[in-house]
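Reader: Hi! I'm new to reading structures; could you walk me through this one?

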Amino acid sequence: MAAQTQKPAPLERAAQGVPIIEIEGLGKTFAIDTGPVVALESVDLTIRKGEFVSFVGPSGCGKSTLLNMVAGLLPASGGQAMLNGDVIEEPSRKVGFMFQTAVLLPWRTVEQNVLMPAEVFGTKNEATRQKARKVLEAVGLGDFTDAYPRQLSGGMQQRVSLARTLTYEPDVLLMDEPFGALDEFTREAMNLELMRITQAAGITVLFVTHNISEAVFMADRVVIMTPRPGKVSGVIDIDFPRPRVIEQMQSQKFTDLIFQVRGILGHGQDNSS
Amino acid sequence: MAKITAVEAEPVKTVSPYTNPNQELRYKLYTIGILLAIVAAWEMAPRLGLVSPIILPSFSAVIGALITLLQQDFFLRHFTVTLTEIVIGFILGTAIGLSIGIALAVWPTAKRIAYPLVVGFQAIPKIVFAPLFIAWFGFGMSSKVVMAVVISFFPVLINTLVGLESVPEDARRLMRSIKATPLQTFRKVSLPHALPVIFAGIKAALTFAVIGAIVGEFVGASEGLGYLVELYKNQLRIDRVFAVIVILATIGAGGYFLLEWLDRKLIFWRDDSESK
Ligand SMILES: Nc1ncnc2c1ncn2[C@@H]1O[C@H](COP(=O)(O)OP(=O)(O)OP(=O)(O)O)[C@@H](O)[C@H]1O
Ligand SMILES: [Mg+2]
């Protein structure tokens, strides 16, 4: 995307110390018929501005629960999450959320879908229209602004979903297995594009995935979570230089990092750095 | 809680890549062929003496009766009465079904309280109300309109409810994440999403409205096409009975095609709706 944002110039990711999301003792217990279910045990985590943080872990370890609480979509049962120093109590327009499905409205064209948030905010005007077109251009859909979702492939639909989020310029992007339903090739391409775009715009990303190598490849830090009860079992720093290239995945260091993550996942205890 | 499923949405007529236009044409010819065979059998059966022409007049006799009927002055009055009952009953029934369906969908407490009542009401074969409505609302059009409303609102209600409740969870989450108001979510997401299902209910409502009006007229009326059917039956003018049936079928089919056309105009994204 053209770096026409007013955000700080793309500095080295994670190098900047300014915290944007601070999670303190954040936990969630669901009360269901059979008794309480601890979905997430007390989590402490600080995420810095512009940082790309991956969350990996098996099904049921509380990844979605954590993201939903940071999004302000789910109340915490203990602790708190803060955005720019303010406790998160409701959704914020500074935070964009992307799901595993593209969630496009089939009766709207690509451009109308991308402009839907602007309609909700009451900011739909020529400027946002231009912005939408620019972002669609950036995600490679410049020629498809008037197409309907059914005319697009799964990967293209997710691009529209990404464009819809980027158009309202969130500071933080929450992604819950956004490309999980896509094939390997498309997913890799989308990952590279996502890193390029969010880095250029200085967007902080919280990226949930089941895929360990994807988590390591993309992130500045990988948060490893384990289930029953859901908790954070380790955090690993990834100091590969950016921009990331596929070749980095062939290095010994990459393999070592994968093993390190696997180790933590296997033991379910904190033995990380 | 009892569960009632929505009226199935009509399958969309899309051009399948596996059937070429030639084949399509062949199917159409088969349809017409079957129709012609039925008409031929109908024409021949009374002529060959297989059935008495008093019980089943030949096809040509029915067409003859139809043409005579259409030329009578009194016919237009009866036609207009029934058509008015159907149209008013259908519109009111649809409006009531839509309103209650929306109310139950957006207000969970109301649904909890009222849904069992609605389902219980649907379990009653509402035809039995017809004599009662005549007693309450008289021999005129109003009792038939009420009958049409009472049996036509339900498919709209249930399809509206089911359609609005089938909005995917992720779409709701998306709207919440951008702080959309409930009204914005309803207008931009839920209602359009539910529209194909609602429309299937509306099409069913039209059929029911026709039935309601005719049943009302059977039970007690001094005018209308249902009244004519009764009258001609008693006079043993079966050719005219059939002629009125042809007219009723035409009303039903005409309304249906009108709705079908509106449906396609309105819901142009239809073939996509279940994959999203
Ligand atoms: N609304 C809810 N009510 C009750 N329990 C819930 C609810 N949501 C989540 N849970 C439970 O909380 C735990 C964590 O769920 P969560 O969806 O956060 O896991 P996840 O890591 O996202 O899993 P996946 O990888 O399958 O998406 C699970 O045991 C789940 O059953
Ligand atoms: Mg999840």
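Author: Happy to, and we can go from the ligand to the cores and then to chain B.

Reader: What should I know before we start?

Author: This is a predicted model, where local features need pLDDT of at least 70, side-chain atom pairs count only at pLDDT 80 or more, and totals for chains, interfaces and linings use all residues. Residues are numbered from 1 along each chain as its sequence is written, chains are lettered from A and ligands numbered from 1 in the order in which they are written, and side-chain values use heavy atoms, with hydrogens and water left out.

Reader: Cool. Which residues surround ligand 1?

Author: Among them are Phe30(A), Ile32(A), Ala39(A), Glu177(A) and His210(A), where a residue is near a molecule if one of its heavy atoms lies within 4 Å of it. The surroundings also include Ser59(A), Gly60(A), Cys61(A), Gly62(A), Lys63(A), Ser64(A) and Thr65(A).

Reader: And by class, how many are nonpolar, polar and charged?

Author: The shell has four nonpolar, six polar and two charged residues. Here Ala, Val, Leu, Ile, Met, Phe, Trp, Tyr, Cys and Pro count as nonpolar, Asp, Glu, Lys and Arg as charged, and the others, Gly among them, as polar.

Reader: Which element gives the largest share of that shell?

Author: That is α1(A), with three residues. Helices (H or I, at least four residues) and strands (E, at least two) are DSSP runs, numbered from the N terminus.

Reader: What are the polar contacts to the ligand's oxygen atoms?

Author: A polar side-chain atom of Lys63(A) is 2.7 Å from a ligand oxygen, and an N or O atom in the side chain of Thr65(A) is 2.5 Å from an oxygen atom of ligand 1. Gly60(A) has a polar backbone atom 2.9 Å from an oxygen of the ligand. A polar contact is a pair of N or O atoms within 3.5 Å; within protein, one must be able to donate a hydrogen and the other to accept it, and residues adjacent in sequence count only if both atoms are side-chain atoms. On its own, ligand 1 has 630 Å² of accessible area (Shrake-Rupley method, 1.4 Å probe; for residues, only the protein chains shown count as cover), and the protein covers 62% of that.

Reader: Is Thr65(A) buried or exposed?

Author: Thr65(A) counts as buried because its relative accessible area is 12%; buried means under 20%, exposed over 50%, and partly exposed in between (1.4 Å probe, protein chains only). Thr65(A) sits in helix α1 of chain A. Not counting residues up to four places away in sequence, Thr65(A) touches Lys28(A), Phe30(A), Ala39(A) and Leu74(A), where contact means heavy atoms within 4.5 Å.

Reader: New topic: which residues touch the most other members of the largest nonpolar core?

Author: They are Ile21(A), Ile23(A), Phe55(A), Leu174(A) and Leu206(A), in a core of 77 residues. Helix α8 of chain B, residues 182–219, gives the most to this core, with twelve residues. A nonpolar core is a set of buried Ala, Val, Leu, Ile, Met, Phe, Trp, Tyr and Cys residues joined through side-chain atoms within 4.5 Å.

Reader: Ooh, chain B! What is its secondary structure?

Author: Chain B comes to ten helices and zero strands. Of its 276 residues, 41% count as buried.

Reader: And where is Thr207(B)?

Author: Thr207(B) is found in helix α8 of chain B, and is partly exposed, at 43% relative accessible area. Thr207(B) and Ala148(B) are 59 residues apart in sequence, with their C-alpha atoms 9.6 Å apart in space.
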